[in-house]
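Let's take a walk through this structure together, one region at a time. Please have the model open and ready to rotate as you read.

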Amino acid sequence: MYCLTCTIAEDQREIADAVGYGYDAGGCVEEDAAGGRIKLIFYFADKDNAGNAAVSLNEMLAVDDAIIEFVDDKQDWNAKWRESMEPAQIAAGVWVSPTWLEPPAEGRKAWIKIEPKMAFGTGHHETTKLAAKMLISQKDGIVNKRVLDIGTGSGILCFVADYAGAGSSLGVEIDEDCRENLEENLRDNPPRQGGSIEFLIGTLDSVNISTNKKFDAVIMNMLSTESMPLLGQICTMVKKGSLLIWSGILVDEKDEVINTAEKFGFFIDDQQTENEWWCGAFLRRHT
């Protein structure tokens, strides 16, 4: 295992997270640093990913103190991260936390239980919160509908879709390492009566689609470099009038994302921002 250590301004945390987890970091520990700054320690299984993350952090945030070190795999670095975990409220009354960390009972409408093995997908990141809030606010396009979550990670947005009344939710994830975590999370969050949740490890090509089984709604909580190239394939998998919820986008990328979506027949219906992050809800034209 390799750890990448760097020091950044606190308001740069969200971008640093996007870079680290964009290169498959398995977790991150935050520590206080001098001058109101914070020290981040990302953990990677692959040395090249750690190196690429360091280069990107320097390019985007002018981080010049990034250090990569090999650490003993036998040490439970994930435990350090779990020690700092707190329940996350991702929408009004909807909480996310592990089974061993119960959120407040007052005002709670739903508790989605996610084991913290993949940091991007515990509900703490703005992009996940934005996607969850948008899913619930767009529930008319979700209730009794077929929902596809691309890059599902821990499956959290499939569980939110089920809470919002989806008829069925399919989460697709390319990372084989997510398989065990998805199985655990599905065990702890069985679908409500009348709903169904399934997960598939593979690419979009692995999804068996037919004319009468196209999706009514698609969720993408991914960096734009990963999600934008998928729009053409998504068009072949959804019905006309379908809903697209697109998160994981930096605010300064939103105009490019909206313009690109329009070229594929999706027009913006709603949008939300939180700090540096943007999420849009699009509807596909009927003609």
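Which strands does helix H2 (residues 47-61) lie across? Keep in mind as you look that this is a predicted model. Helix H2 lies across S1, S3 and S4, and its direction is at about 15° to that of S1. Another helix, H1 (residues 13-22), lies across strand S1 (2-9), S2 and S3, running at about 10° to S3.

Those strands belong to an open sheet of four, ordered S2-S3-S1-S4, with antiparallel pairing. Strand S2 (27-32) and strand S4 (67-70) stand at its edges; each has a single partner strand, so one side of each is left without a neighbour in the sheet. From one strand to the next, the twist averages 25°. If you would like to trace one pairing in detail, try S2 and strand S3 (residues 37-44): they run antiparallel and are joined by six bridges. Val29 is a handy place to start, since its bridge partner in S3 is Ile41.

Moving along the chain, you will meet another sheet. Here three strands form an open sheet in the order S5-S6-S7, and the pairing is mixed. Its edge strands are strand S5 (88-91) and strand S7 (110-113), each of which pairs on one side only. The twist in this sheet averages 30° from one strand to the next. How do strand S6 (residues 94-97) and S7 run, parallel or antiparallel? They run parallel, joined by four bridges. Within this pairing, Trp95 stands opposite Trp111 in S7. Helix H4 (residues 126-137) lies across S5 and S6, running at about 40° to S5.

Now let's turn to the interior. In soluble globular proteins, nonpolar side chains tend to be buried together. In this model, the largest nonpolar core has 51 residues, and the members that touch the most others are Leu40, Phe42, Leu57, Leu135 and Ile142. Which helix supplies the largest share of this core? That is helix H5 (residues 156-163), with six residues. Leu57 is worth a closer look: leaving aside its neighbours within four places in sequence, it is in contact with Leu4, Cys6, Ala16, Val19, Ala62 and Val63. Apart from this core lies another, of 26 residues, among them Leu170, Val207, Leu231 and Leu244.

Leu231 also leads us to a polar residue. Thr260, in helix H9 (residues 254-263), is in contact with Met228 and Leu231, once neighbours within four places in sequence are left aside. Is Thr260 buried or exposed? Its relative accessible area is 15%, and the cut-off for a buried residue is under 20%, so Thr260 counts as buried.

Our last stop is strand S14 (residues 277-284). Seven of its eight residues are buried, so the strand is largely enclosed by the rest of the structure. S14 pairs in the antiparallel sense with strand S12 (residues 238-250) over six bridges, and there Ile249 has Trp278 of S14 as its bridge partner. Strand S13 (residues 266-274) also pairs with S14 in the antiparallel sense, over eight bridges. In S14, Ala281 stands opposite Asp270. Finally, S13 and S14 form a hairpin with two residues between them. In that turn, Asn275 has a positive phi of about 55°.

Technical notes
Residues are numbered from 1 along each chain as its sequence is written. This is a predicted model: local features need pLDDT of at least 70, side-chain atom pairs count only at pLDDT 80 or more; totals for chains, interfaces and linings use all residues. Side-chain values use heavy atoms; hydrogens and water are left out. Two strands pair if DSSP finds at least two bridges between them. Axes are lines fitted to C-alpha atoms, for helices over the stretch in contact, and angles run from 0 to 180 degrees between N-to-C directions. Contact means heavy atoms within 4.5 Å. A nonpolar core is a set of buried Ala, Val, Leu, Ile, Met, Phe, Trp, Tyr and Cys residues joined through side-chain atoms within 4.5 Å. Buried means under 20% relative accessible area, exposed over 50%, partly exposed in between (1.4 Å probe, protein chains only).
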